[in-house]
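Reader: I am new to this structure and would like a close look at a single part of it, the surroundings of the bound ligand. Please take me through that part carefully, and then place it beside the interior of the protein.

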Amino acid sequence: MPRKITISLIKADIGSIPGHVVVHPKQLEVAKEKMEEAKKNGLIIDYFVFNFGDDLALLMTHEYGENNPKIHELAWTTFKEITEKVSKKLKLYAAGQDLLVEAFSGNIRGMGPQVAEMEIEERPSEPLVVFGADKTEPGAFNLPLFRIFADPFNTAGLIIDPKMHDGFIFRVLDLIEGQYVELRCPEEMYDLLALIGTPGRYVIERVFRKDGLPAAVCSVTKLNLIAGRYVGKDDPVCMIRAQHGLPAVGEILEAFAFPHLVAGWMRGSHHGPLMPMKMIKIDWENKIGYGPKMTRFDGPPKIVALGFQLHDGYLEGPIDLFDDPAFDYTRQVAAYIADYIRRHGPFMPHRLGPEEMEYTTLPQVLEKLKSRFKRM
Ligand code: F6R
Ligand code: MG
Ligand code: MG
């Protein structure tokens, strides 16, 4: 049996400075200490910790498979400890926000943090691209994932690489009904698009090559559906394997050259462009990545991309993939779109529709005005 490696990417918003702007460096340092300890104890093979805006992510490799209680507990206790040792002590904003329950109960899914995990047989060379997006929702990856794995105008390999020519299978979750369907591309492309064009409900969770090879995985939890009240947006993470019969790194990145509109931004209640961002700093020695901050109107929604090479479970890298003048134009277009759409103020389609809003005073306003509405 070839050795199997699991890559677990687990993230949470457990407080930030100031307001919802950015993770504090001390939070990342405590995360690093916990990961280093787990590596010494042999629980994980390797790790990298990083942030994007107010979200702190733990990237871990190990041999325990997906949904492993030991790995999930490690993530949970790490988030708890950061909350106690840093977020609460420094009175950071929204300390411990995503830790929705008191005690860990075996699987971190449904407890607040976002999870993306993939068990793989490491190929002779295994390039991996890891994404984190702040001030948006899991469905934000629908459009780029479609482009990467199904659109030949994005991914040349779909046409000219014999190993990709058969296409890919998309697993799409229905977040409302709690069920999923697998759709094959290119055969069922129009059915796929009919669903994933509603990114607040239908979310691509995984992509497989037709021979079953796992190619991509996204976090899909909807916090507000778990908690039944506003607890922040479900800022998502995603991992994509690259090259040699899968989309090239450059085909994966190409999908983010168009800053498409996503839901999230201020108060989780506005549409805005997804801006590809450079990291502020990457410290290879300490295995910490310091990610971008959220500023204008708490945003705009931003995404980072970190590129690794795996070797026997070790994470070589990362390379900051959006740190290139090639993405400056996209950032400028995103800034222009942000400015344009912001001028709509409280009007749709900048503001989300009433059923999608995270905060709303509409019921109170309607209640107050009830007696004053007259029949037409
Ligand atoms: C969006 C986000 C922020 C907050 C906003 C208000 O996901 O986290 O935009 O919604 O700053 O925050 P509160 O209600 O905590 O003052
Ligand atoms: Mg926050
Ligand atoms: Mg966030």
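Author: A polar contact here is a pair of N or O atoms within 3.5 Å, and this cut-off is what the distances below should be read against. The model is a predicted one. Asp298 offers such a pair, with a polar side-chain atom 2.6 Å from an oxygen atom of ligand 1. Arg267 takes part through its backbone, where a polar atom is 3.0 Å from an oxygen atom of the ligand, while His20 places a polar side-chain atom 3.4 Å from an oxygen atom of ligand 1. Taken alone, ligand 1 exposes 410 Å², and 79% of that area is buried by the protein. Eleven residues surround ligand 1, and those that come nearest are His20, Tyr93, Arg267, Asp298 and Tyr359. By kind, the shell around ligand 1 is made up of five nonpolar, four charged and two polar residues.

Turning to the interior, the largest nonpolar core has 41 residues, and Phe131, Phe141, Leu145, Phe149, Phe168, Phe170 and Ile240 are the ones with the most contacts inside it. Helix α3, which spans residues 142–150, gives the most to this core, contributing five residues. Leaving aside residues up to four places away in sequence, Phe141 touches Phe131, Ala133, Cys218, Pro236, Val237, Cys238, Phe256 and Ile303. Apart from this core lies another, of 30 residues, which includes Ala12, Leu58, Met60 and Leu99. In soluble globular proteins, nonpolar side chains tend to be buried together.

Methods: Residues are numbered from 1 along each chain as its sequence is written. Chains are lettered from A and ligands numbered from 1 in the order in which they are written. This is a predicted model: local features need pLDDT of at least 70, side-chain atom pairs count only at pLDDT 80 or more; totals for chains, interfaces and linings use all residues. Side-chain values use heavy atoms; hydrogens and water are left out. A nonpolar core is a set of buried Ala, Val, Leu, Ile, Met, Phe, Trp, Tyr and Cys residues joined through side-chain atoms within 4.5 Å. Buried means under 20% relative accessible area, exposed over 50%, partly exposed in between (1.4 Å probe, protein chains only). Helices (H or I, at least four residues) and strands (E, at least two) are DSSP runs, numbered from the N terminus. Contact means heavy atoms within 4.5 Å. A residue is near a molecule or strand if one of its heavy atoms lies within 4 Å of it. A polar contact is a pair of N or O atoms within 3.5 Å; within protein, one must be able to donate a hydrogen and the other to accept it, and residues adjacent in sequence count only if both atoms are side-chain atoms. Accessible areas come from the Shrake-Rupley method with a 1.4 Å probe; for residues, only the protein chains shown count as cover. Ala, Val, Leu, Ile, Met, Phe, Trp, Tyr, Cys and Pro count as nonpolar, Asp, Glu, Lys and Arg as charged, and the others, Gly among them, as polar.
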